[in-house]
Amino acid sequence: MTSPTAHSASLPPAQPLISASGNSYSTVYQAAGDINLHQRPTLSTFPVTDGEIKAVRRAWVKITPANTPLTTADDVLKLLRQDEPIVVISGPPGTGKTAAALRALTDFALLRSAADSARGRLQLRHVLPDWDAPEADLLPHEPGHGYIFDVAGDTWSDPPAAARQILGHADTLRRRGSCLIVITGAAGWPSGHDPQMRRIAVTAEAPRGDLVLERHLNVLYPDPDKSGWLASHDGQHSGGLTDLLRPDMPPGEAAGRAVALSRIDATRPDALSKAREAMTGWQHLVATTFTDTEGSADDRALLLAAIVLDGHSPTDVLKAARMLLRQDEDRAITDILTAPALATRLERVQAKVEAQRVSFDHLPGYPDAVLRYVWRQLSDAQQPLLEWIQQLTMPKGPAAPRIDALAGLLVDLAVAEHDLKPLDITQPWARAGSPGQRAAATMLATAARHPTLGSDVRARLRTWASNPAEGTATVAAVACQGEFASLYPRQALTCLRWVMDRPRHDQAVTEAAQALRAMACNLRLLPKVWGAVTAWTNGPAQGERGYRAGRRAFIALLTPQADPSPAPLLLANALTDPATADDLAAGWCAVLEEPAFDEPAEALLTDWAQAVADASLDRQAVIGILDRVIDQHLMTGPMAAFLMGREGHAHTPAAVIDLRKHLMISYRRAGTTPAPEPPKPHEADPPETPTAPQPAPAASTPRQPDSLVTHPHALADAAPSLNGAGRESA
């Protein structure tokens with residue numbers, strides 16, 4: 001059985017990134033040539049770890065709690081050997097479904113490689129359910145792969161239809177020599193709906209939990225000093241921990257207990273007592289501590305402060321405890337002199353003080369148990385506790401250096417209690433600057449990929465993304481800047497679309513733009529991002545929900561001075577892929593059609609000119625795209641202002657003048673082009689600027705051609721001004 005942390009700790013491998021600086025043309029062109037922006041990407045996958053494989057190969061248990069043979073993995077292997085590329089394992093939580101899938105796949109890989117060395121061993125990977133509804137085309141199908149797809153947390157509106165979509169992938173897998181094991185809940189697979197669905201389904205049975213714990217501890221974490229802790233002879237409890245073992249212990253819990261025992265220093269005199277506490281989740285020690293401190297808010301606050309400020313000095317811990325209790329620092333000297341010694345008080349709550357450092361290193365898992373006790377038994381303290389932690393983790397707060405560790409503690413608390421409230425702290429963290437944003441993003445990504453809590457977390461992120469409150473939407477955008485976007489890119493893009501469609505360009509939109517650029521600079525995610533952005537841009541009409549998102553996203557991705565920026569890669573790809581060139585031209589046209597985006601559109605044109613001058617963008621690609629845009633939008637405000645100058649502007653950058661000249665030459669070579677069609681009437685939007693809200697125009701008016709350009713051939717007629725410097729006007 002695998003460790004409960006093995007799956008959650010595994011992340012997709014790092015992917016190549018494109019940065020705004022430090023990339024040569026050859027690097028960008030090579031990347032552009034290696035990627036197809038218009039393929040439909042499959043679901044994200046990440047590799048099975050060596051630790052997971054080691055657990056199922058070396059510490060496998062073949063007996064159920066009823067002392068009957070455990071056949072789940074064998075039944076799956078039998079179907080795989082019968083050339084069934086898709087097998088389903090169903091069962092309630094805690095029955096070792098993932099471990100059984102891994103065992104069957106590793107057995108199958110060994111058998112296959114022995115029978116046909118040319119096929120090689122299977123590469124094993126986990127698949128993430130990053131979809132709105134099951135679609136066969138989204139399932140991965142690389143040759144020679146064995147996939148494990150856990151959808152136990154998904155709720156399907158039409159289970160038979162979902163199952164048919166998954167089974168529709170079977171022929172593709174068979175042709176490519178790959179296979180897929182689907183893991184569902186006890187009633188998640190519609191076995192009774194179809195004979196084929198029933199034939200490939202295996203019902204999971206759990207292994208004996210006490211044996212899982214014993215084998216994990218003795219095989220995966222061998223320590224001669226601990227060999228007798230779980231020993232038994234003739235059915236009698238002879239080891240120090242055997243009375244705590246239960247055959248019906250869930251395998252994940254058993255594996256977790258083995259990890260906890262592996263962290264105990266067996267050479268200490270109190271090692272066995274600490275091991276017993278670890279076996280029970282420190283419940284007895286925590287209960288004893290809270291009983292001993294009943295009536296003493298000072299000592300309980302000191303305990304919580306020692307957990308939050310683990311590694312700090314006793315003085316810092318005391319100050320934090322008083323902050324929790326909202327006590328004044330100026331206390332009466334009588335109270336100070338008559339109070340117990342600080343070190344004594346800390347030891348009373350099980351903290352250790354050495355070299356002016358308070359820690360719980362000697363009790364791994366004890367801080368988590370304390371937080372669970374407070375959350376469950378002292379529930380009225382939940383909100384004050386979160387507010388206090390938020391105060392301590394402010395950029396200059398005493399717990400700021402521990403913000404990542406505290407994020408881990410709070411995620412573990414949310415998972416243990418199946419309660420999303422600890423995640424509320426991500427909102428103030430996301431507004432507190434870089435360290436807080438990083439911790440919030442990591443915390444939400446960790447919770448989002450949890451097998452049971454994850455679906456609720458992902459749903460909450462989508463809700464936050466569409467929330468009118470700026471702070472709440474900012475959290476969703478920040479979450480998409482981290483691992484969540486790499487693990488669940490489609491759901492991250494859904495969140496970003498709602499954030500980028502906000503009525504005003506506020507902080508949430510700025511963070512969403514940064515998240516989108518970061519995703520696009522990951523070469524594995526770029527096709528997903530580009531496909532989504534082009535769909536948004538070509539989607540809702542002006543005034544409909546979602547129309548702002550496409551324009552903002554296009555501008556965000558095509559800003560070459562941003563870091564990171566995918567603009568160089570997209571322009572380079574346009575030189576080799578006409579579809580990308582079409583997308584870029586269509587995106588520019590969509591932006592220029594909306595008067596609300598005049599200012600950012602004109603700024604982006606200037607940015608492109610500067611990037612061409614700096615050799616950050618390819619001149620040929622830029623001119624090729626803008627030529628097509630000019631054909632449609634020569635008389636549109638931002639394009640007219642860029643090409644002809646704006647009255648009252650005393651200086652035009654040299655880069656803009658140079659690009660104007662090359663566009664003029666290209667335009668003359670192309671010859672006469674038809675005049676663009678007049679734009680359709682629409683409601684005017686407020687200007688698209690990241691500033692304070694401004695009132696929208698009172699009346700809706702159709703967009704008129706810019707006064708600077710009155711004829712489709714004005715660009716050619718204006719050649720002298722295009723080559724001039726200084727003030728320019730029509």
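The following paragraphs lead through a predicted model of a single chain, from its overall make-up to its sheet, one of its helices and its salt bridges.

The chain has 730 residues, and buried residues make up 52% of them. Its secondary structure consists of 36 helices and ten strands. The accessible surface comes to about 31,600 Å², and carbon and sulfur atoms account for 50% of that area. Sequence separation offers another view of the fold: among contacts between residues at least 6 apart in sequence, 74% join residues at least 24 apart.

Six strands form an open sheet with mixed pairing, and their order across the sheet is E1-E3-E4-E5-E2-E6. Strand E1 (45-47) and strand E6 (201-203) are the edge strands, each of them pairing on one side only. On average, neighbouring strands of this sheet are turned by 25 degrees against each other, direction ignored. As a general point, strands of a sheet pair through backbone hydrogen bonds, either parallel or antiparallel.

Within this sheet, strand E4 (residues 145-150) may be considered next. Five of its six residues are buried, so strand E4 is largely enclosed by the rest of the structure. Strand E3 (residues 123-127) pairs with E4 in the parallel sense over five bridges, and Leu124 stands opposite Gly146 in E4. Strand E5 (residues 179-184) also pairs with E4 in the parallel sense, over five bridges. In that pairing, Tyr147 has Leu180 of E5 as its bridge partner. Elsewhere in the sheet, strand E2 (residues 86-90) runs parallel to E6, and three bridges join the two. Ser90 stands opposite Thr203 in E6.

A separate approach of chain segments involves Thr71, which is placed in the loop between helix H3 (50-58) and helix H4 (72-81). The C-alpha atoms of Thr71 and Glu205 are separated by 7.8 Å, although the two residues are 134 residues apart along the chain. Thr71 counts as partly exposed, at 30% relative accessibility.

Helix H12 (residues 283-292) shows how burial can be distributed around a helix axis. Which residues of H12 are buried? Leu285, Val286, Thr289 and Phe290 are buried in this helix. These residues cover an arc of only 130 degrees around the axis, which puts them on the same side of H12. The spacing accords with a general property of helices: an α-helix has 3.6 residues a turn, so residues three or four places apart point the same way. On the other side of H12, Gln283, His284, Thr291 and Asp292 are exposed. The cover over the buried residues of H12 includes helix H11 (271-279), helix H13 (297-308), helix H16 (342-348) and helix H17 (366-377).

The last topic is charge pairing. In general, side chains of opposite charge can pair when their charged atoms come close. With a cut-off of 4 Å between a side-chain nitrogen of Lys or Arg and a carboxyl oxygen of Asp or Glu, the count comes to 26 salt bridges. Some of the residues concerned form a network of salt bridges, which links Arg246, Asp248, Glu253 and Arg257.

Three individual pairs illustrate different settings in the sequence. Arg449 forms a salt bridge with Glu483, and the closest N and O atoms are 3.4 Å apart. Arg449 lies in the loop between helix H21 (434-448) and helix H22 (454-465), whereas Glu483 belongs to helix H24 (residues 483-487), so the pair ties together parts that are 34 residues apart in sequence. Arg449 is buried, with a relative accessible area of 13%, while Glu483 is partly exposed, with a relative accessible area of 27%.

A second pair is found within a helix. Asp658 forms a salt bridge with Lys661, with the closest N and O atoms 3.8 Å apart. The two residues are three residues apart in helix H34 (residues 654-670), so about one helical turn separates Asp658 from Lys661. Asp658 counts as partly exposed at 25% relative accessibility, and Lys661 likewise counts as partly exposed, at 32%.

In the third pair, the side chains of Arg268 and Asp270 meet in a salt bridge, at 3.2 Å from N to O. Arg268 is partly exposed, with a relative accessible area of 37%. Asp270 is also partly exposed, with a relative accessible area of 22%.

Terms used:
Residues are numbered from 1 along each chain as its sequence is written. This is a predicted model: local features need pLDDT of at least 70, side-chain atom pairs count only at pLDDT 80 or more; totals for chains, interfaces and linings use all residues. Side-chain values use heavy atoms; hydrogens and water are left out. Two strands pair if DSSP finds at least two bridges between them. Helices (H or I, at least four residues) and strands (E, at least two) are DSSP runs, numbered from the N terminus. Axes are lines fitted to C-alpha atoms, for helices over the stretch in contact, and angles run from 0 to 180 degrees between N-to-C directions. Buried means under 20% relative accessible area, exposed over 50%, partly exposed in between (1.4 Å probe, protein chains only). Contact means heavy atoms within 4.5 Å. Accessible areas come from the Shrake-Rupley method with a 1.4 Å probe; for residues, only the protein chains shown count as cover. The arc is that of the directions from the helix axis to the C-beta atoms.
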